[in-house]
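Let's take a friendly walk through a structure together. Have your viewer ready.

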Amino acid sequence: MNLKRTLAVASALSVATLFAQAQETVKVFGGAKQYRTWSIGVNAGVLSPIIPFGTNDYSEWDANLGYGLFVKKQLAPYFALKLDAHRGELSASNKAGQSFSTDLNYAASLKGVVNVGSISFLQKQNSLGFFVQAGAGLTGYDPGDAAGERSELFIPVGVGVNIKLGQVVALNLGYDANFLDADNIEGGQGWLNGSANKDRWSYGYAGLEFTLGSKAKPSLQWNNAISTLYDELKDPALRNDVEQLKSRTSAVEGQVDNLKKDSDGDGVSDQFDKCPNTPSGTKVDGAGCPLIVPQAK
């Protein structure tokens, strides 16, 4: 038993060492291949037919369950593209007892996601990040009237926070304001068409994001490029390479200066001058020797 435990501990330490070494090999200009860049996520939250700013049609609205999923491609530490979708129910009522209930069958969009901040500024791998996102998409919804399902364009704009729970899993908390290019979420019930020209809805959610790929590679989403650059500048091997490059550059500059040196000022460098110390003003040939001018007969 003791031998098995020892072997298990040794194996775990070996794996941890290999993982740490893999993390340490990340280079600023090493390219995206050294990172994991794909992730998928699921979420659930609250749908409502209003947003907390601007003008809304409904003063007595309901909060209903919504749920969604996404696929994300991280293109840089601070920018990603996300294919996102959610669905659920939107409903509201008035004091007269009139109400509507609309099935949001799907709301699919392509978003750009920008990471805007982190509290672990000088750590190689961040653990908390804030983001903003916006995009455009298509939604299909059914108010339950004779017209049936409608398909409309919409614009989602949102904010959120990512919390790293491990090398694979992260917690997402976010809010999206979705602007519909129409004014008929409530169907043909004109009493609910308020002062807003277009309908909108909110989706506040919590979910989990799973990073795909080998665990030996860090996630590009959590990589801190500034910290990586800072560490590379402190790397002894890199500093040694820089010093060697400076020495080689100085040697080349010295050689160039020697090639340009012309002690007697005849226009031919000392390196190629076969007649040094030519008197000033003497016309010379390509070898730096005085020209012999034939005498006229």
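Some questions and answers on strands, a cavity, a core and a loop residue follow.

Q: What kind of model is this, and which pLDDT do side-chain atom pairs need to count?
A: This is a predicted model, where local features need pLDDT of at least 70, totals for chains, interfaces and linings use all residues, and side-chain atom pairs count only at pLDDT 80 or more. Residues are numbered from 1 along each chain as its sequence is written, and side-chain values use heavy atoms, with hydrogens and water left out.

Q: Which residue in β9 is the bridge partner of I40?
A: Strands here are DSSP E runs of at least two residues and helices are H or I runs of at least four, numbered from the N terminus; two strands pair if DSSP finds at least two bridges between them. β1 (residues 38–48) pairs with β3 (64–76) in the antiparallel sense over 10 bridges, and A44 stands opposite Y67 in β3. β1 also pairs with β9 (200–211), antiparallel over 10 bridges. In that pairing, the β9 partner of I40 is F210.

Q: Which strand gives the largest share of the lining of the largest cavity?
A: A cavity is a set of points on a 1 Å grid over the protein atoms alone where a 1.4 Å probe fits but cannot get out, and lining residues have an atom within 4 Å of a point. The largest cavity holds about 130 Å³, the space filled by probe spheres set on points joined across faces, edges and corners. Its lining has 16 residues, with N43, F70, K82, Q133 and Y205 nearest the centre. Strands supplying at least two of them include β6 (128–142) and β8 (169–180), while the largest share, four residues, comes from β4.

Q: Which strand supplies the largest share of the largest nonpolar core?
A: A nonpolar core joins buried (under 20% relative accessible area, 1.4 Å probe, protein chains only) Ala, Val, Leu, Ile, Met, Phe, Trp, Tyr and Cys residues through side-chain atoms within 4.5 Å. The largest has 19 residues, and L47, Y141 and W201 are among those with the most contacts inside it. β4, β5 (99–118), β6 and β9 each supply at least two residues. The largest share, four residues, comes from β5.

Q: Is N223 buried or exposed?
A: N223 sits in the loop between β9 and α2 (225–234). Its C-alpha atom is separated by 9.1 Å from that of Y78, 145 residues apart along the chain. Because its relative accessibility is 5%, N223 counts as buried.

Terms used: Buried means under 20% relative accessible area, exposed over 50%, partly exposed in between (1.4 Å probe, protein chains only). On a 1 Å grid over the protein atoms alone, a cavity is a set of points where a 1.4 Å probe fits but cannot get out, and a pocket is an open set with protein on both sides within 12 Å along at least five of seven lines; lining residues have an atom within 4 Å of a point.
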